[in-house]
Amino acid sequence: MPVFLYVLALAVFAQGTSEFMLSGLVPGIARDLSVSVGAAASLTSAYAIGMIVGAPVMAALSARWPRRRALAGFLAAFVVVHVIGAVTTDFAVLFGTRVVAAIVNAGFLAVAMSVATALVPGERRGRATAVLLSGVTLSCVAGVPAGALLGDWSGWRSAFWAVAALCLPALALVFRQAPADAAGRAEVSVRREAGALRSRRVRWAMVLAAVVNGATFATFAYLAVIATDIAHLPAAAVPALLAAFGVGAFVGVTTAGRTADGELGRGLLLALCVLPVGWAVLAATSAHTAPLFVVTIVQGALSFGIGSTLVARVMHVAPQAPSLGGSFATVALNAGAFLGPLVAGVATGATGDYRDAAWVSAALAATAVAAVAVSRAGVARGEVEVEVEEAGY
């Protein structure tokens with residue numbers, strides 16, 4: 001693989017760390033800025049808002065931008081907004097920086113994906129994409145726990161400074177090594193690709209991805225406070241719990257990457273049926289340390305494995321939208337990441353029990369299972385035009 005591909009992966013690692021690190025920083029932000037835990041957790045939703053808005057818009061706008069200038073510009077803006085976030089004492093400003101950071105993150109990913117696939121022969125493009133996106137899963141394993149640990153030692157602002165610093169080597173290498181072509185994909189037809197994304201099968205995969213990711217982030221945004229307030233673990237244990245979730249996520253994505261091909265087979269359906277049960281078990285046993293860690297690993301694997309398979313599904317059923325398909329899959333995932341913590345915030349705010357975030361996850365995951373069951377019943381009756389897989393779906 002070209003060395004520059006790993007430069008891009010480093011930048012994606014920093015951006016992924018920024019996206020997910022808020023889970024471990026919520027208590028500190030709430031105390032320092034004098035806001036509720038629910039308000040601090042909504043910063044996760046702020047990032048999702050930016051990704052929802054930014055992914056399709058930036059994918060379309062950046063298609064004709066010079067590669068080097070676009071990559072460097074997006075990454076430099078990412079650094080600047082993290083510096084602002086690190087020094088502000090205003091929660092509204094911090095919220096705004098998360099939205100802007102997500103928008104430029106979406107723009108960077110749109111350009112980086114096109115560069116990554118252009119750097120290698122056609123038969124190696126899948127591997128190049130996997131290397132690029134490995135930065136996201138590795139951020140769950142290492143970056144997010146490290147951010148939480150740094151936040152515990154030096155305050156949440158230090159985690160923002162660390163993300164900005166982590167981007168600087170990648171920014172310098174982008175200036176030196178990025179392709180300096182005059183433009184990107186000049187013949188992208190946004191209207192044609194958007195039309196391809198209106199098919200029933202694409203919309204169905206996107207809805208499932210949104211609901212499953214909503215379940216994931218409803219609990220993920222509250223893992224830190226579940227650990228400290230429910231399990232009564234010391235703050236120093238939060239990074240270990242987040243790392244456990246990250247290890248599970250890495251295993252889930254790796255397994256799905258090797259076995260999933262865009263088809264919805266029996267393995268995915270079985271995992272989807274287990275998912276709500278796992279969230280319910282987490283809610284019921286989260287007061288006990290060992291079950292909390294074990295179930296967190298399992299749910300990280302299931303959630304990210306299912307989520308990555310559904311992203312592959314969107315791309316599989318939308319071959320006529322090579323430029324916008326990935327961005328709309330990102331929109332679906334981040335729509336879930338936006339709504340999940342908000343619903344969990346309403347539930348925990350009403351009851352005062354942070355375990356209810358996991359019950360919200362269980363309900364959302366059960367909704368996804370019910371939706372699949374209804375769809376399969378519709379297929380059997382000939383009422384829903386959904387592709388029938390070998391597994392019967």
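**Exercise 1. Count the helices and strands in the chain, then see how much of it is buried and how its contacts are spread.**

Step 1. This predicted model has 15 helices and zero strands.

Step 2. Turn to burial: of the 393 residues, 52% count as buried.

Step 3. Now take the contacts between residues at least 6 apart in sequence; 84% of them join residues at least 24 apart.

**Exercise 2. Find which residues have the most contacts inside the largest nonpolar core, and which helix gives the most to that core.**

Step 1. The largest nonpolar core holds 115 residues, and Ile 29, Leu 71, Phe 108 and Tyr 222 have the most contacts inside it.

Step 2. Helix H5, residues 91-118, gives the most to this core: 12 residues.

Step 3. Try one of these residues up close. Setting aside neighbours within four places in sequence, Leu 71 touches Phe 4, Leu 8, Phe 108, Val 111, Ala 112, Val 115, Val 174 and Ala 178.

**Exercise 3. Compare the span of helix H12 with the expected value, and locate its bend.**

Step 1. H12 runs over residues 266-285, which makes 20 residues.

Step 2. From first C-alpha to last, H12 reaches 29 Å, close to the 28 Å expected at 1.5 Å a residue.

Step 3. Look along the helix for the bend: it is about 25° at Leu 275, with Pro 276 following within four residues.

Step 4. Check burial too. Buried residues of H12 include Leu 268, Leu 272, Leu 275, Pro 276, Trp 279 and Leu 282.

Step 5. A useful reminder when you look at such a list: an α-helix has 3.6 residues a turn, so residues three or four places apart point the same way.

**Exercise 4. Identify the salt bridges and say how exposed a partner in each one is.**

Step 1. There are two to find.

Step 2. In one, the side chains of Asp 32 and Arg 157 meet at 3.0 Å, N to O. This pair links distant parts of the chain, with Asp 32 in helix H2 (residues 22-32) and Arg 157 in helix H7 (residues 156-177), 125 residues apart.

Step 3. Asp 32 has 40% relative accessibility, so it counts as partly exposed.

Step 4. In the other, Arg 355 meets Asp 353 at 3.1 Å, N to O. Arg 355 is partly exposed as well, at 29% relative accessible area.

**Exercise 5. Decide where to read the coordinates with care.**

Step 1. The chain's mean pLDDT is 81, and 81% of its residues reach 70 or more.

Step 2. Over residues 182-187 the pLDDT is below 50, although this stretch has 18 contacts beyond near neighbours in sequence.

Step 3. Residues 383-393 also stay under 50, with 32 contacts beyond four places in sequence.

Step 4. Where pLDDT is low, predicted coordinates should not be read in detail.

How values were computed: Residues are numbered from 1 along each chain as its sequence is written. This is a predicted model: local features need pLDDT of at least 70, side-chain atom pairs count only at pLDDT 80 or more; totals for chains, interfaces and linings use all residues. Side-chain values use heavy atoms; hydrogens and water are left out. A nonpolar core is a set of buried Ala, Val, Leu, Ile, Met, Phe, Trp, Tyr and Cys residues joined through side-chain atoms within 4.5 Å. Buried means under 20% relative accessible area, exposed over 50%, partly exposed in between (1.4 Å probe, protein chains only). Helices (H or I, at least four residues) and strands (E, at least two) are DSSP runs, numbered from the N terminus. Contact means heavy atoms within 4.5 Å. pLDDT is the predictor's confidence in each residue, from 0 to 100. The expected span of a helix is 1.5 Å times one less than its number of residues. The bend at a residue is the angle between axes fitted to the seven residues ending there and the seven starting there. A salt bridge is a side-chain nitrogen of Lys or Arg within 4 Å of a carboxyl oxygen of Asp or Glu.
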